[in-house]
Each structure stands twice: as C-alpha cells, then as structure tokens.
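Visitor: Please give me a close look at the largest pocket and the helices that line it. I am new to this, so please explain your terms along the way.

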Amino acid sequence: MKILDRYVLTQFLTNFLGALSILVLIFVFHTIFTYIDELAGRGLELWIIGKFLIYFIPQLIPIIMPLAVVIASVMTFGSFAESYEFAAMKASGISLLRVMRPLVVLMALLSLGTFFLANNVIPVAYREVYTLRGNIAKVKPAMAISEGVFSNIGEDISIKVDKKHGDNDQFLENVLIHKKTPDRVNRIVIKAKEGELRSTKRNNFLQLILKDGSYYEDVKTNTYESQERLPFAKVHFQQYVINLDLSHLNNVDFNEKTDATTYRMMNVKQLNYAIDSLRTDFKQSITDYGVNMFKRTGFHAQLPEQKADNLPKKTTKGVSLQEVFAKFPDNNKITLLEMAANTNQSQVDNVEYRQSEVEYHYKLMNLHILNFSDKFALTVACFVLFFVAAPLGAFIRKGGIGLPLVVAMVLFLAYYFIGLFVKNVAENNTINPALAPWIPALILLPFGVYLTARVATDKEVFHFPLSHKIMRWIEDKIKNLKQRRKHKLHKINRLKRMKRFTKHNRLLK
C-alpha cells in the first residue's frame with residue numbers, strides 16, 4: 001500500500017506544482033499589465049520591480065491555491081480513470097476512498113499551510129506592496145513624464161508631452177502644462193511647441209525650458225466689475241523657464257515602512273481586536289448621537305413657571321403650542337417660524353450626514369469581519385473543492401489539459417463568482433458577513449459528498465431513480481390523455497357519420 005500511496009501522491013503533486021507554477025506565471029504577467037502605469041517610465045531599478053512582484057504574489061493565494069487544487073484533482077483522477085488504473089485498483093479490492101486517503105492527509109496539511117499564509121504572510125505582503133507603491137509614486141518625477149498622458153510633478157503641476165527624444169529623453173515636443181495658483185485652483189495653462197529638461201547634480205532643481213508658446217491665466221479679482229473688465233490674461237513667449245524643486249522627491253527610501261494599517265494588513269488576532277473596538281466605538285457613537293439629538297429637541301426639559309410676563313404663569317404641561325405661539329408679538333412670529341424651519345432643516349441635514357457615516361462604519365466593520373472569516377473559509381474551501389473535483393475527474397475519464405482543464409475552470413469559476421457575489425452583498429449588511437465567505441463551500445459540499453458516494457459505488461452520477469419514476473408517471477398520464485382524446489374523436493366522428501346516414505335515408509324516402 002505504501003507504493004500505491006507514493007504513486008498517487010507523486011502524480012497529484014506533479015500536476016499540482018505544475019498548475020501552481022503556470023498560474024503564478026500567468027498572474028504575474030497580469031499584475032505587470034495592471035500596474036504598468038505605475039512601474040513604467042520612472043527609471044526604476046530591476047530589483048525594485050522584482051521586489052514589487054515578489055510581495056504581490058502572496059496576495060494571489062486566495063485565487064491560485066483553490067484553482068490549482070481543482071486542476072490537479074481533475075487531471076490526476078481523470079488520468080487514472082482513462083488509463084484503467086482505477087479498474088485495476090478496484091479489481092484488487094482497493095476502493096476510491098482508499099485511493100484518496102493519502103491525498104486527504106495532503107489536503108489537510110495544505111489547508112493548514114494556506115491558513116498560515118493567509119494569516120501571517122498575506123498581511124505582511126500587502127503592507128509591503130502598499131508602502132512600495134507609495135514610494136514609487138514619489139520617485140523621480142522628471143523620469144515620470146510619459147508620452148501622451150498627463151503626469152503629475154509635485155502637487156501643483158501636471159504635464160503632458162506628445163513625444164520625448166534625446167539621449168536622456170530631455171527634449172520634449174508639444175508640451176501642455178496645467179498649473180495651480182496659490183489658492184490651489186487650476187487657473188494657469190501653458191502650451192509650447194518645444195521644451196527641454198535640464199538638471200545638475202549640484203542642486204535639487206529641475207529646469208524646464210519652454211519655447212514658442214503661450215501662457216493663459218484666469219484672473220481672480222475682488223469685484224464683479226473687475227472680473228468683467230479683465231477676465232483672463234494671455235501672453236505669447238519665445239522662451240519661458242520653470243524651476244521645479246525636487247529636494248523632497250529625489251531622496252526616496254524604498255525600504256521605508258509605513259504606519260498605515262488597513263484590515264488587509266491584519267492577522268486573526270489583530271482583526272478580532274479591531275472588530276471588538278469598532279463595535280464598541282460604533283455603539284457608543286450611536287448612543288451619544290441619540291442623546292444629543294434628543295436634547296436638541298427640547299422635550300427633556302420644561303419651561304419655568306414664570307419665564308416671561310407674556311407667557312402663561314404655569315408649567316408647559318397642559319399648555320398647547322398655539323397658546324404659547326399666540327403670546328408672541330406678530331412681528332416676531334415670522335422670525336420664530338423661520339428659526340424653526342432652519343432648525344428643522346439643520347436637523348434633517350445632520351441626520352442625512354449621520355446616515356452616510358453610519359453606513360460607512362457598518363461597511364468598515366463588515367469588511368473586517370469578512371476578512372477575518374475568509375481566512376478560515378479559504379482553508380475549508382480547498383478541502384471541499386478536492387472532494388468535488390476528484391470524483392468529477394474520475395467520472396469524465398480524461399487526463400491531460402483538454403477536457404479536465406475546461407471542467408476545472410467551470411467548477412472554479414462557479415465557486416469564485418458565488419463567493420464574489422455574496423461578499424459584495426455582505427459588505428452592505430444584507431448577508432451576515434461572518435457567514436458570507438463560507439457560502440460557496442457550503443453550496444459545493446453536498447455536491448462533493450454526492451459525487452464521491454456515486455463514484456465510490458460505481459453508480460451513474462446523474463442517475464436519479466425517483467426522477468425516472470416521476471418521468472414515467474408523467475409519460476403514462478400523457479399517453480392516457482392522448483388515448484382518451486383519440487377515443488373521444490373517434491366517437492364524435494362515428495356520431496357524425498350516423499347523422500349523415502340517417503339524413504340521407506330520410507331524403508330517399
């Protein structure tokens with residue numbers, strides 16, 4: 001039996017590692033194409049790009065690991081069935097469950113490894129990618145001027161060029177610049193046919209020399225008359241020089257760590273603590289807001305007995321609002337109504353703002369719960385997908401990368417899109433966020449048990465005796481209805497013939 005276990009493990013691990021390697025390669029290229037705008041045109045060293053990709057790979061584990069398990073299971077058991085190795089094993093008295101036993105142990109170890117990666121490696125990798133992306137965004141803005149798109153240099157200037165050339169791409173063609181004024185409004189537009197970038201190693205300034213262009217600025221004035229008289233300023237120039245201070249941008253440390261923390265950067269212990277804190281803060285915030293709103297209404301207090309001479313000299317208990325309102329002078333009633341309307345509108349606006357804030361806190365808390373539950377659900381998903389894919393591969397009886405790959409992709413996409421849908425719904429608290437990551441595995445679990453039981457007992461996978469009985473009963477009913485209809489039509493035709501015969505005899509007489 002050790003030889004059989006070793007053989008099954010060898011075949012499965014070969015397919016699993018092969019599928020895992022190919023999937024990692026595919027998703028690495030997908031990552032490069034996704035973040036090409038952030039990585040290209042910035043003069044980055046290869047080790048920085050390699051570091052970015054290495055840290056990004058662990059984030060792909062929730063997709064790669066289940067898909068690799070499905071592909072390896074379908075290919076392995078499909079190959080066994082196609083080469084009649086299952087038939088030989090069953091002839092020797094070895095059942096399907098006995099063949100799957102070493103792989104079940106392997107899936108248990110793989111599930112534990114997946115949980116370790118999801119709990120300890122992925123949060124660290126996400127933090128590193130988050131930090132590295134922030135540092136890349138700041139690096140070498142002179143090298144970040146790409147062709148055909150707007151590139152931001154600092155917080156005030158956005159540049160677009162049609163073409164760059166020269167030994168260091170220092171010569172620019174058709175330069176378009178949007179520049180913010182000191183009041184942080186984009187009022188300045190500079191356009192030039194040619195441009196040149198100059199820099200020296202002795203200072204931290206980048207000099208942009210523009211030639212043959214125009215300068216346009218919306219003029220901000222203090223009065224409407226001045227704005228109508230001088231709405232904008234436009235100047236044509238032969239040469240215009242812009243000095244860009246790069247002292248705070250050129251010295252970027254790519255090993256610098258960030259203190260920012262999101263729910264993706266936390267492990268199970270940190271998420272559990274964060275969820276408790278969010279719940280406590282959220283409940284306290286709702287309570288404080290409710291108390292504050294109640295106090296603003298004024299219902300908690302009563303007016304004093306003799307607050308004013310023109311008010312009834314008794315408590316407000318039993319005094320109608322009309323009586324109180326009638327005691328005020330007529331010229332103050334409109335003011336009171338306007339104040340009441342403004343106060344009411346202020347309360348409505350405050351409630352609407354608090355509603356959006358409550359929805360945001362709900363979503364933030366749900367995202368933490370989803371991420372917490374997903375770390376455990378991912379480990380179980382690998383186990384469940386194995387019990388669905390393995391008997392399915394034995395049923396289709398095909399090895400290789402043809403039909404098994406198609407079946408594996410269909411199965412994985414069903415699992416992935418179900419999970420994606422329920423997680424998106426759970427973010428808005430429509431579904432319990434703690435349950436949402438488990439729903440795909442819970443849906444596939446009965447299907448896996450059914451497939452394993454049918455294949456292990458050499459029964460047809462899609463054979464349902466009860467459904468056949470129901471279909472036979474329906475066919476019999478339809479057949480009886482047809483016979484009754486035929487008999488009824490035959491009886492009607494016979495009566496018609498008899499009537500015609502009787503009528504014909506009467507005419508002869």
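Guide: Let's begin with three words: a residue is buried when its relative accessible area is under 20%, exposed when over 50%, and partly exposed in between (1.4 Å probe, protein chains only). This is a predicted model, in which local features need pLDDT of at least 70 and side-chain atom pairs count only at pLDDT 80 or more, while totals for chains, interfaces and linings use all residues. Residues are numbered from 1 along each chain as its sequence is written, and side-chain values use heavy atoms, with hydrogens and water left out.

Now for the pocket, an open set of points on a 1 Å grid over the protein atoms alone, with protein on both sides within 12 Å along at least five of seven lines. The largest pocket holds about 1100 Å³ of space, counted as the space filled by probe spheres (1.4 Å) set on its joined points. Its lining, meaning residues with an atom within 4 Å of a point, has 36 residues, and Q59, P62, R264, D374 and K423 lie nearest the centre. Helices here are DSSP runs (H or I, at least four residues), numbered from the N terminus. Those that give two or more residues to the lining are α1 (2-34), α4 (61-82), α6 (96-138), α10 (330-396), α11 (403-427) and α12 (439-456). The largest share, eight residues, comes from α10. By class, 23 lining residues are nonpolar (Ala, Val, Leu, Ile, Met, Phe, Trp, Tyr, Cys or Pro), six are charged (Asp, Glu, Lys or Arg) and seven are polar (the others, Gly among them).

Let's follow two of these helices. In α1, 33 residues should span 48 Å at 1.5 Å a residue (times one less than the number of residues), and its end C-alpha atoms are 46 Å apart, which agrees. Buried residues of α1 include L4, V8, F12 and F16. D5, also in α1, is buried because its relative accessible area is 19%. Beyond its neighbours within four places in sequence, D5 is in contact (heavy atoms within 4.5 Å) with R98 and P102.

The other helix is α11, where F417 sits. F417 counts as partly exposed because its relative accessibility is 48%. The C-alpha atoms of F417 and P440, 23 residues apart along the chain, are separated by 8.8 Å. An unreviewed UniProt entry places a "transmembrane region" at several stretches, including residues 403-422, though such annotations may be inferred rather than shown by experiment. In this model, residues 403-422 are 100% helix, with end C-alpha atoms 29 Å apart.
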